[in-house]
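Visitor: Could you walk me through reading a fold, one feature at a time? I would like the general idea and then the case at hand.

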Amino acid sequence: MWRRRSRAQVCQSCSRSVAPQSAMGNAQAKGDHNVVLNVERQLKYGCNPHQNPAAVCRVDANKTLPFEVLSGTPGYINLLDAINSWQLVRELAEATGLPAATSFKHVSPAGAAIGVPLTEVEIQAYEVKNADQLTPVALAYIRARNADPLCSFGDWVAISHEVDVVTANILKVEVSDGIIAPGYAPEALEILKAKKKGAFIVLQADSDFQPPELEFRTIYGMGLVQKRNAEVFDASKLEKIVTKRTDVSEQAKQDLILASVAAKYTQSNSVGYARGGMMIGIGAGQQSRVDCVKLAGRKVTTWYMRQHPKVLGLKFKEGVKKQERVNARVRYIEGDQTELELKEFNALFDSAPAPLTEAEKKEFMKSLKGVAISSDAFFPFRDSIDHASRYGVEYVVQPGGSVQDDGVIAACDDYKMVMAFSALRLFHH
């Protein structure tokens, strides 16, 4: 009975192909692999309501899952988000030595950040209350949520450190499905367990859990096996600088590491921009790399324009909800409302705000500096660098290995950017 125990045999004499950018060698997965899945918990359904049965299982001899359910009822996609997001924040905290947080939607981060102080403008743009009482964990969460608050609506949260009361109270008022963290202060746990009348999902990650070296997947009657991507992206991956400009500040190194760890857990192709300890634009799941750059760049524009004086000065009517304000600011920045949209937008204010002009946006974007960008695989052409230059990019990291590397390096030199080759591809599917 599969509901109690299932056994899968995968890949008799299955060999693993090695990408040119990989440093994994020529190891092969040989023979029969017998994987025992012990059903631990029934799930309501799989990815969609019609995909039943569904369950979460322990693998082989593991006596426990990587987490414990403290509250709520997790679903299939919740658990995919939980496991991917937990790995991201755990690795990011280890690489930077600071608390880390991420906001996940559909198995990719909408935002990720570390616990560094907010500027006065950010405090205003993110509508932060009691800023003087924020803890490093709370700062990480606020930054992660505010990278792209439009996409973070109804997200999954992961935090690398114990969740304190300050952070729990901030999360309490956000629209979110669940959280995974290694621990919770007693009062913080009670706050979160009460959220959504007890439906908010609270998972406690097992920090000591050691995943198996090999990962298995079955799809359409076929089995796949690969070594788990346990490569750590740290400062050592930034040592091979290939551009004329070579200076990289500690802040820039931190941002490059952040962007790369985020890319590692983003659906490929992916590109991410980071600045000041937070992701400010993530482009996920595009077939063209330059489209990733453009998609993420559009999000960078929205993030930065939220700090424009005209956006900060928007005077909403009393009673307009927070997410409505978030959505309205984004549409105000984009400025392409239909006639009916504009009528509904203006109804949020006592008097309709003056439009934010393209000239004003262009001028304000010129003040954005010091941005870092990471790509999960090489840039095949210089077009990605040309486009990234519009968003204040000064620091670049990518694996390298393209036949067009020289042209991409020349583009970075043209824009006076620093670029490092990490020799580490980070595809994620």
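Guide: Happily! In this predicted model, let's begin with strand β7 (residues 155-159) and β8, which run parallel and are joined by four bridges. Within that pairing, Trp156 stands opposite Gly178 in β8.

Visitor: What do β7, helix α4 and β8 make together?

Guide: β7, helix α4 (residues 165-172) and β8 form a right-handed β-α-β unit. Another such right-handed unit consists of β8, helix α5 (residues 186-194) and β9. Strand β9 (residues 201-205) also pairs with β8 in the parallel sense, over four bridges, and there Ile179 stands opposite Val202.

Visitor: Is strand β8 mostly covered or mostly open?

Guide: Mostly covered: five of the six residues in β8 (residues 176-181) are buried. In soluble globular proteins, nonpolar side chains tend to be buried together. Here the largest nonpolar core has 71 residues, and Ile159 and Ile179 are among those that touch the most other members. Contacts of Ile159 include Trp86, Tyr141, Ile179 and Pro182.

Visitor: Now a helix, please. Which residues of α11 are buried, and how are they arranged?

Guide: An α-helix has 3.6 residues a turn, so residues three or four places apart point the same way. In α11 (residues 358-365), the buried residues are Lys361, Phe364 and Met365. Seen down the axis of α11, they fall within an arc of 95°, so they line one face of the helix. The face turned away from that buried side carries the exposed residues Ala359, Lys362 and Glu363.

Visitor: What covers the buried residues of α11?

Guide: Their cover includes α7, α8 (309-312) and α9 (322-334). Helix α7 is itself mostly covered, with 13 of its 17 residues buried.

Technical notes. Residues are numbered from 1 along each chain as its sequence is written. This is a predicted model: local features need pLDDT of at least 70, side-chain atom pairs count only at pLDDT 80 or more; totals for chains, interfaces and linings use all residues. Side-chain values use heavy atoms; hydrogens and water are left out. A nonpolar core is a set of buried Ala, Val, Leu, Ile, Met, Phe, Trp, Tyr and Cys residues joined through side-chain atoms within 4.5 Å. Buried means under 20% relative accessible area, exposed over 50%, partly exposed in between (1.4 Å probe, protein chains only). Contact means heavy atoms within 4.5 Å. Helices (H or I, at least four residues) and strands (E, at least two) are DSSP runs, numbered from the N terminus. The arc is that of the directions from the helix axis to the C-beta atoms. Two strands pair if DSSP finds at least two bridges between them. A crossover is right-handed if, with the strands pointing away from the viewer, the path from the first strand over the helix to the second runs clockwise.
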